[in-house]
Amino acid sequence: MSESHLLRIRHRTHYQYALPVSFQTHRLVVRPREGHDLRVESLVLRIEPQAELVWTRDIFGNSIGHAHFLEKGQELLFDVDVTVRRFFDPARPPVVAQSPMPYPLEYDTLEHGIITGYLTPVYAEEMAAVKDFIGTLPDPGGFPSAEAFVVQLAEIIHGKIRYQRREKKGVQTPATTLALGTGSCRDLATLMMETLRHLGIAARFASGYLDCQATRAARGSTHAWTEAYFPLLGWCGFDPTSGKHCTQQHIVTGTSHHPRGVMPVSGNFTGGSRAFQKMAVTVEFSTPEVTGAPSGLLEEGEPRVDMDERQEGEHRTSNVED
């Protein structure tokens, strides 16, 4: 078997409006993060109406696309077609590395300047609610390693908070998620991230795709989870929506110290509060037969139009009235 394989991801969002509206600059976090285990072979964007697209890299190392629209539109289409190469045999995926470090964790002094941002809670005003939740958890020091506790935390959140797909923009605060007992993947990831930070474990929010039955059937959406940082091991993903350790099925497009930092697409439009009519989003995974970019689409970096979508919670569309 080959030691690498290709995976094609098609991520499409289509918005419709009652009348032509103007689109402000949209921010895209849709390009998979590259590394020793993944390389982007091709990325194509098809966007309508027309826009100029500029790529940058943010402070977290994410590739960010900025779409500057050139005209109004009654429909907004954002279509990402990306092929990635993954460096492992799909028949024998690598075993997820584990950290033996005990709790509490001690981080290298050289990392303190950066680690601080991942230890500081985003919702400091909700400390009491998170502390009450922590009071119901088992003692982290009673586990063979800090990572073993984090896995248990993912399982606990999975069992305590019922997953509920939520179309409203934004992220629920941890207190709201705990009070409701329900939340989307981004809400569960935020709760886990905040809990870890209150316990002195560096954590960040991750957004991307999940290779699963839904995406293979072209009816998937984007996904969100939490990553924790362990000395010597580095960043490691945990999915509170499934209650498990992240695997090679999780493909990251962006990471941030704040959930709002990696929404797949964000931006505003003007044209009246009732202009928006409906939106449709699909994410599809497949095994490509060729490595080239599909014909008839624009290559990465070419000027084109971008759009704002909303998937399973991480993408938001803002509406600004005239």
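Helices (H or I, at least four residues) and strands (E, at least two) are DSSP runs, numbered from the N terminus. The model on display is predicted: local features need pLDDT of at least 70, side-chain atom pairs count only at pLDDT 80 or more, and totals for chains, interfaces and linings use all residues. Residues are numbered from 1 along each chain as its sequence is written, and side-chain values use heavy atoms, with hydrogens and water left out.

**The whole protein**

Begin with the entire protein in a cartoon view, where six helices and 18 strands make up the secondary structure. Of its 322 residues, 52% count as buried, that is, under 20% relative accessible area, with exposed meaning over 50% and partly exposed in between (1.4 Å probe, protein chains only). A surface view exposes about 14,500 Å², of which carbon and sulfur atoms supply 51%; accessible areas come from the Shrake-Rupley method with a 1.4 Å probe, and for residues only the protein chains shown count as cover. Contact means heavy atoms within 4.5 Å. Among contacts between residues at least 6 apart in sequence, 79% join residues at least 24 apart.

**The largest pocket**

Next, select His36, Asp37, Glu227, Trp235 and Val252. Of the 29 residues that line the largest pocket, these lie nearest its centre. A pocket is an open set of points on a 1 Å grid over the protein atoms alone, with protein on both sides within 12 Å along at least five of seven lines; a cavity is a set where a 1.4 Å probe fits but cannot get out; lining residues have an atom within 4 Å of a point. The volume of the largest pocket is about 900 Å³, a volume being the space filled by probe spheres set on the points, which are joined across faces, edges and corners. Colour strands S10, S11 and S13 (250-256) to see elements that each supply at least two lining residues. By class, this lining holds 14 nonpolar, nine polar and six charged residues. Ala, Val, Leu, Ile, Met, Phe, Trp, Tyr, Cys and Pro count as nonpolar, Asp, Glu, Lys and Arg as charged, and the others, Gly among them, as polar.

**The second largest pocket**

Move on to the second largest pocket, with a volume of about 240 Å³. Select Tyr163, Cys212, Ala214, Ser221 and Thr222, the closest to its centre of the 15 residues that line it. Helix H6 (residues 213-216) gives the largest share of this lining, three residues. The classes here are five nonpolar, seven polar and three charged.

**A cavity**

The structure holds two cavities of 30 Å³ or more, and the second largest encloses about 30 Å³ of space. To find its walls, select His11, Val29, Val30, Ser207, Gly208, Tyr209, Thr222, Thr253 and Pro264. Strand S9 contributes the most, with three residues. The lining has four nonpolar, five polar and no charged residues.

**The nonpolar cores**

Hide the surface and show side chains. A nonpolar core is a set of buried Ala, Val, Leu, Ile, Met, Phe, Trp, Tyr and Cys residues joined through side-chain atoms within 4.5 Å. The largest has 37 residues, and Val150, Ile157, Met192, Leu196, Ile201 and Phe230 touch the most other members. Helices H1, H2 (127-134), H3 (146-160) and H5 (185-198), with strands S9 (203-210), S10 and S11, give two or more residues each. H5 gives the most, seven residues. Centre on Ile201: beyond four places in sequence, it touches Tyr103, Leu105, Tyr107, Tyr118, Leu119, Phe149, Val150, Leu196 and Ala228. Apart from this core lies another, of 29 residues, including Leu43, Leu45, Phe78 and Val84.

**Four loop residues**

Select Pro49, in the loop between strands S3 (38-48) and S4 (51-57). The peptide bond from Glu48 to Pro49 is cis, with omega near 5 degrees. The bond from Tyr103 to Pro104 is also cis, with omega near 0 degrees; Pro104 is in the loop between strand S6 (73-86) and helix H1 (112-119).

Leu232 sits in the loop between strands S10 (223-230) and S11 (234-239). Its phi is near 75 degrees, a positive value in a residue other than glycine. Leu232 counts as exposed because its relative accessibility is 86%.

End at Gly181, in the loop between helix H4 (174-180) and strand S8 (182-183). Gly181 counts as buried because its relative accessibility is 18%. Leaving aside neighbours within four places in sequence, Gly181 is in contact with Lys160, Ile161 and Arg162. Gly181 and Tyr163 are 18 residues apart in sequence and 8.7 Å apart in space, C-alpha to C-alpha.
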